[in-house]
Amino acid sequence: MTDAVRQAAPAAAGGFSFARYFRNSGERWMNILSPFALLLIWEIAAQVGYIDTRFFPAPSKIFETMWQLILSGELFVHLKASMYRLFWGFLWGGIPALLLGISMGLSRTLRVIVEPIVSATYPIPKSAILPLILLIFGLGEASKIVMVAVGLFYPILINTIAGVLEIPKIHFDVAHNFGAKKFNVFRTVALPGAMPLIMTGVKLGVGLGLILISLAEMIGAKSGLGYMMWNAWEILSVETMYVGLIVIAFLGVTFNLILNEIERLLVPWKTTR
């Protein structure tokens with residue numbers, strides 16, 4: 001084996017590579033710095049008068065308002081209310097979607113029965129059924145949680161079905177040949193095999209959940225980030241509106257990072273391109 005081959009072998013086998021390390025470090029720094037670069041451009045444009053600060057206040061003003069909301073505790077009250085509703089909505093919508101999705105992927109009969117119902121109800125705008133949800137569940141916490149649950153249900157369900165159907169048939173044949181019961185097939189073949197697409201559905205669902213909880217809180221709540229932004233609009237506090245938008249954006253990024261780490265643990269065989 002030549003010296004060149006010896007040097008190339010560790011990198012080819014997945015070993016440490018300085019080139020890959022610095023490339024990945026550069027990508028991480030670009031991910032971190034790009035939002036700050038956008039905020040800097042926004043700040044400069046506001047300070048020199050290139051944009052109307054009545055509608056696009058300088059980031060320094062927005063973060064000053066955010067700091068005041070943090071000190072008063074108001075921001076944490078609204079954040080806690082939204083996270084409570086999102087958590088329970090995730091459980092109520094995500095777990096049934098996961099169980100039904102795997103069952104539909106495994107059972108052609110169940111898929112034939114339920115798929116038309118899913119196809120008919122999925123395109124209905126979730127905001128359009130909010131008045132119905134408020135009518136049925138009232139103005140309390142239940143209506144907000146149901147709103148999130150409905151939004152989370154469909155992306156997780158559809159991705160779970162697709163994930164199970166993508167599993168090669170030979171895996172099920174091997175499980176059946178070894179005498180695996182239905183629950184064992186569910187646990188050891190269907191669930192792990194569909195996990196990459198399930199995680200994709202969860203990411204989509206959480207993002208949609210943040211959208212829907214904000215919408216629900218604007219109409220029928222007295223707390224939450226959506227209510228905070230709607231109340232800010234009523235009193236023309238533009239900076240507070242932007243605080244709500246920034247917090248929701250931060251939550252979206254945070255949840256995505258957390259789910260990416262969970263995905264690396266649950267789906268170690270999935271390669272990142």
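The questions and replies below concern how some helices of this predicted model pack and bend.

Me: At roughly what angle do the axes of helix α3 and α4 cross, and how are the two helices therefore oriented to each other?
Reply: Helix α3 covers residues 59-72, and its axis and that of α4 come within 4 Å and cross at roughly 80°. Angles of 65 to 115 degrees count as roughly perpendicular, and therefore α3 and α4 are, relative to each other, roughly perpendicular.

Me: Which residues of α4 make the contact with α3?
Reply: On the side of α3, the contact is made by Met66, Leu69, Ile70 and Ser72. By class, the residues of this contact of α3 with α4 are five nonpolar, one polar and one charged. The partners from α4 are Glu74, Leu75 and Phe76.

Me: Why is α4 described as roughly parallel to α7?
Reply: The axes of α4 and helix α7, which spans residues 141-165, come within 6 Å. Because angles under 35 degrees count as roughly parallel, the description follows from a crossing angle of roughly 30°, which makes α4, with respect to α7, roughly parallel.

Me: What is the handedness of the crossing of α4 and α7, and how many nonpolar residues does their contact have?
Reply: Where α4 and α7 cross, the crossing is right-handed. Their contact also includes six polar and three charged residues, while its nonpolar residues number 23.

Me: How many residues in the contact of α4 with α9 are nonpolar?
Reply: The axes of helix α4 (residues 74-106) and helix α9 (residues 182-220) come within 8 Å and cross at roughly 145°, in a crossing that is right-handed. Among the residues that make the contact are Leu86, Phe90 and Ile102 of α4, together with Ile198, Val202 and Leu210 of α9. Two residues of this contact are polar and two are charged, and the nonpolar ones number 16.

Me: At which residue does the kink in α9 lie?
Reply: A straight helix would reach 57 Å at 1.5 Å a residue, but α9, with its 39 residues, has end C-alpha atoms only 44 Å apart. A kink of about 60° is found in α9, shortly before the proline Pro196, and the residue where it lies is Met195.

Key. Residues numbered from 1 in each chain as written. Predicted model: local features only at pLDDT ≥ 70, side-chain atom pairs only at ≥ 80, totals over all residues. Heavy atoms only, no water. Axes fitted to C-alpha atoms, helices over the stretch in contact; angles between N-to-C directions. Left-handed = near helix turned anticlockwise from the far one by under 90°. Contact = heavy atoms within 4.5 Å. Nonpolar A, V, L, I, M, F, W, Y, C, P; charged D, E, K, R; others polar. Expected span 1.5 Å × (residues − 1). Bend = angle between axes of the 7 residues up to and from the residue. Parallel < 35°, antiparallel > 145°, perpendicular 65-115°, else oblique.
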